[in-house]
Amino acid sequence: IRTGSGYDVHRFGPGNGVWLCGELVPHQAGLLGHSDADVGLHALTDALLGAISAGDIGHHFPPSEPRWKGAASDQFLAHAASLVAARGGRIVNVDVTLICERPKVGPHRARMVARLAEILKIDQGRISVKATTTEGLGFTGRAEGIASQASASVWLPR
Amino acid sequence: IRTGSGYDVHRFGPGNGVWLCGELVPHQAGLLGHSDADVGLHALTDALLGAISAGDIGHHFPPSEPRWKGAASDQFLAHAASLVAARGGRIVNVDVTLICERPKVGPHRARMVARLAEILKIDQGRISVKATTTEGLGFTGRAEGIASQASASVWLPR
Amino acid sequence: IRTGSGYDVHRFGPGNGVWLCGELVPHQAGLLGHSDADVGLHALTDALLGAISAGDIGHHFPPSEPRWKGAASDQFLAHAASLVAARGGRIVNVDVTLICERPKVGPHRARMVARLAEILKIDQGRISVKATTTEGLGFTGRAEGIASQASASVWLPR
Ligand SMILES: [Mg+2]
Ligand SMILES: [Mg+2]
Ligand SMILES: [Mg+2]
């Protein structure tokens with residue numbers, strides 16, 4: 001069993017909703033980024049890539065390439081999962097933490113878990129989405145952006 | 001083997017000690033929070049819940065509920081451990097990192113490890129408490145609060 | 001299989017290069033610290049120590065001791081690896097994330113992975129080095145310093 005961890009941050013900008021773990025969550029702002037800025041999917045993609053020593057999200061999907069402009073990030077995560085499968089491996093479990101004061105994640109957690117299960121093609125029981133605040137401190141506390149950390153446990157045949 | 005990760009932050013406020021990993025550590029300030037604000041226990045509780053895909057600490061112990069006001073956080077961690085046991089699982093090891101300039105954690109580490117072993121009902125050899133600073137940077141560097149990250153490795157029967 | 005996580009931060013100061021994962025990366029600044037301030041190696045050392053419940057880097061190499069002044073951090077990591085070996089254990093895989101806007105890590109990734117493999121005496125296929133930015137937010141976004149998080153998966157004989 002190998003493990004990986006990921007971390008990502010995106011900054012708030014104009015908008016009325018944010019993509020988090022593959023779900024559009026209504027909010028008084030949006031998140032800026034070259035792609036859809038889904039911090040949860042980006043952190044998780046990196047955790048999977050890290051677990052199998054396959055580079056990072058910026059290596060596979062360079063922000064400098066126009067074709068990823070506004071891209072839906074589920075394809076980034078699906079690609080990481082396909083690399084695990086190509087190695088004959090299996091995702092044991094994944095755990096995503098969203099770090100922000102707002103929006104509230106709880107009401108959307110079940111849909112996020114279902115969406116991640118769909119993208120990763122694993123059982124919902126192997127997926128965790130959590131949320132926490134930084135109690136008003138730092139850039140997340142000042143509502144300048146959202147951070148996410150993720151961990152992944154992956155079985156590889158060697 | 002499944003893995004989970006947790007993160008938590010609490011802000012300094014008036015007081016003369018902080019709860020960290022179940023121990024009261026003398027300090028020139030306290031930590032604010034609905035419960036006893038033990039960032040170490042909160043991050044670790046979330047890591048365990050994440051490893052078994054059982055929601056997060058805010059889901060199980062909503063800050064909106066008056067009965068958790070000033071609550072000792074060891075009960076949050078004990079609850080997470082009981083959920084692992086209820087699934088027929090076993091905690092393989094846990095690792096907590098406390099991120100702050102002060103108080104110094106080293107002198108209290110052994111007692112924290114002993115306390116965590118007591119709460120989790122596992123051997124001290126399966127527990128790690130570490131500390132680091134952010135070299136004066138960010139909200140922890142400015143002594144506005146304490147952050148904690150934790151990871152947990154859990155064996156589940158399926 | 002046990003897992004550990006590490007986190008470290010160092011502040012930019014005068015200089016023309018930074019040590020990251022055992023490689024000197026040219027940059028318009030240096031990193032301040034008692035040792036060579038290699039945040040990647042420090043976070044990874046802590047992740048390994050955490051996985052085997054063996055204290056933290058500050059416990060083994062106190063900044064208060066003059067002999068670690070300007071020390072090359074590869075010896076810290078090698079020591080953690082030797083503690084794993086002394087327990088009859090084996091490092092399954094490690095994953096380091098470097099968090100900064102600059103320097104760009106990608107061009108140096110392959111050499112970092114090779115260097116870590118050398119220090120840890122494990123196959124390069126068990127090593128991951130990733131990078132991410134915080135999109136201009138927080139102390140890393142303001143280029144005040146570099147942060148690093150790491151995770152490690154370790155097999156121990158009991
Ligand atoms: Mg991103
Ligand atoms: Mg808390
Ligand atoms: Mg350091």
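These notes cover a magnesium site and the cysteines of a predicted model.

1. The magnesium ion (ligand 1) takes its protein donors from chain A: A:Asp8 through OD, A:His10 through NE2 and A:His42 through ND1. These donors lie 2.2 to 2.3 Å from the ion.

2. Along the sequence, the donor residues of the magnesium ion (ligand 1) follow the spacing D-x1-H-x31-H. The two histidines link distant parts of chain A, being 32 residues apart. A:His10 sits in strand β1 (residues 2–13), while A:His42 belongs to helix α1 (residues 39–51).

3. Are the two histidine donors buried or exposed? A:His10 has a relative accessibility of 5% and therefore counts as buried, since the cut-off for that term is under 20%. A:His42, at 7% relative accessibility, also counts as buried.

4. How many disulfides does a search of the whole structure find? Over all chains the result is 0. A disulfide is a covalent bond between the sulfur atoms of two cysteines, and a pair is counted here when the sulfur atoms are within 2.5 Å.

5. In chain B, B:Cys100 is in no disulfide, and the nearest cysteine sulfur, which belongs to B:Cys21, is 10 Å away. B:Cys100 has a relative accessible area of 4%, so this residue is buried.

6. In chain C, C:Cys100 is likewise in no disulfide. Its nearest cysteine sulfur is that of C:Cys21, at 10 Å. With a relative accessible area of 5%, C:Cys100 is buried.

Notes. Residues numbered from 1 in each chain as written. Chains lettered and ligands numbered in written order. Predicted model: local features only at pLDDT ≥ 70, side-chain atom pairs only at ≥ 80, totals over all residues. Heavy atoms only, no water. Donors = N, O, S within 2.8 Å, 3.2 Å for Na, K, Ca; no water. Helix = DSSP H or I, 4+ residues; strand = E, 2+ residues; numbered from the N terminus. Buried < 20%, exposed > 50% of the residue type's maximum accessible area, 1.4 Å probe, protein only.
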